Every structure is written in structure tokens, then in C-alpha cells.
Amino acid sequence: AAADFVVTLYNPRSRTRLEGIEIARKIFLAHRSPDTPVAIAKSVYRPDESIQVTTLADWDVETADMLTAIAIGNSSSFIWGDRVITPRGYVIAKGDRELQS
């Protein structure tokens, strides 16, 4: 979390593994802004697929299960519509969130 990498957690919670995901959230909140984007993908490529975009502060860990992948952005990540964007290879100023082609 302190290294500022984008991190994805796969299958983060089960009936018996309940605390780890909350511990992970607390660790990230200790090292990242509460506004850090988080994407929650559930049941990907299944009929009940859902993708939610939120922030580290508003992330409800109770929604995670064994069919969930959670992508936690870094300090360059931002929310654009219903997407989380993390630019590669260059720095975008915090006030300039226009996508470059």
C-alpha cells in the first residue's frame, strides 16, 4: 500500500475468511487517500456480473465474496464516468483529468 502500486485482490472473502478484507482496507487507508478509486468486480463473465466504482473511504467490504476481484488504484488513478483510470508512462496533474490519446 505504501509503495503506491495499483493492487488487485482476488477472492478476498469467504464464509470462513471474514476479517482479512477489512484488515486490507485499513492498511490501504493508512497509506492512501480516502478518495483513492476502488473497482469491485463480481461474478465477471457470469450472468449476474456487476462492476461498482467507489472510493477507499466508501468501499463496503461486506459486498466482497469468493467471486469478487477488487482493484485499488494508486495516487494517479481517478474515476472517469463509470471507470477507474490509471495513466501509464506520464504524470497527469491533479487538476487536469482529461484523457489523452
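Q: What share of the contacts in the protein chain with a separation of 6 or more comes from residues 24 or more positions apart?
A: Such a share describes how far along the sequence the contacting partners lie. In this predicted model, residues 24 or more positions apart account for 61% of the contacts with a separation of 6 or more.

Q: Which pattern does the protein chain follow when read along the sequence?
A: The elements are listed in sequence order. Here the pattern is β-α-β-β-β-β-β, and the chain has one helix and six strands.

Q: How many bridges join strand E1 to E4, and how many join strand E2 to E4?
A: Each pair of strands is taken in turn, with its direction and one pair of facing residues. Strand E1, residues 7-10, is joined to E4 by four bridges, and the two run antiparallel. Within this pairing, Thr8 stands opposite Ala71 of E4. Strand E2, residues 37-42, is joined to E4 by five bridges, again in an antiparallel arrangement. In that pairing Ile40 stands opposite Ile70 of E4.

Q: How should the side chains of a strand be pictured?
A: In a regular strand, side chains alternate between the two faces of the sheet.

Q: Why is E4 described as largely enclosed by the rest of the structure?
A: The argument rests on the burial of its residues. Four of the five residues of E4 are buried, and therefore the strand is largely enclosed by the rest of the structure. For the protein chain, buried residues make up 32% of the 101 residues. The chain exposes about 6800 Å², of which carbon and sulfur atoms supply 53%.

Q: Is Trp59, in the loop between strand E3 and strand E4, buried or exposed?
A: A loop position does not settle the matter; the accessible area must be consulted. Because its relative accessible area is 4%, under the 20% cut-off, Trp59 counts as buried.

Q: Which residues does Trp59 touch, not counting residues up to four places away in sequence?
A: Trp59 touches Leu9, Ile21, Arg25, Val38, Ile40, Thr54, Ile70 and Ile72. One of these, Ile70, is 11 residues from Trp59 along the chain, and the C-alpha atoms of the two are separated by 10.0 Å. Ile70 is also the residue that Ile40 stands opposite.

Q: Where is Thr36, and is it buried or exposed?
A: The same reading applies. Thr36 lies in the loop between helix H1 (20-31) and E2. With a relative accessible area of 6%, Thr36 is buried. Leaving aside neighbours within four places in sequence, Thr36 is in contact with Thr54, Thr55, Leu56, Ile72, Gly73 and Asn74.

Key. Residues are numbered from 1 along each chain as its sequence is written. This is a predicted model: local features need pLDDT of at least 70, side-chain atom pairs count only at pLDDT 80 or more; totals for chains, interfaces and linings use all residues. Side-chain values use heavy atoms; hydrogens and water are left out. Buried means under 20% relative accessible area, exposed over 50%, partly exposed in between (1.4 Å probe, protein chains only). Contact means heavy atoms within 4.5 Å. Accessible areas come from the Shrake-Rupley method with a 1.4 Å probe; for residues, only the protein chains shown count as cover. Two strands pair if DSSP finds at least two bridges between them.
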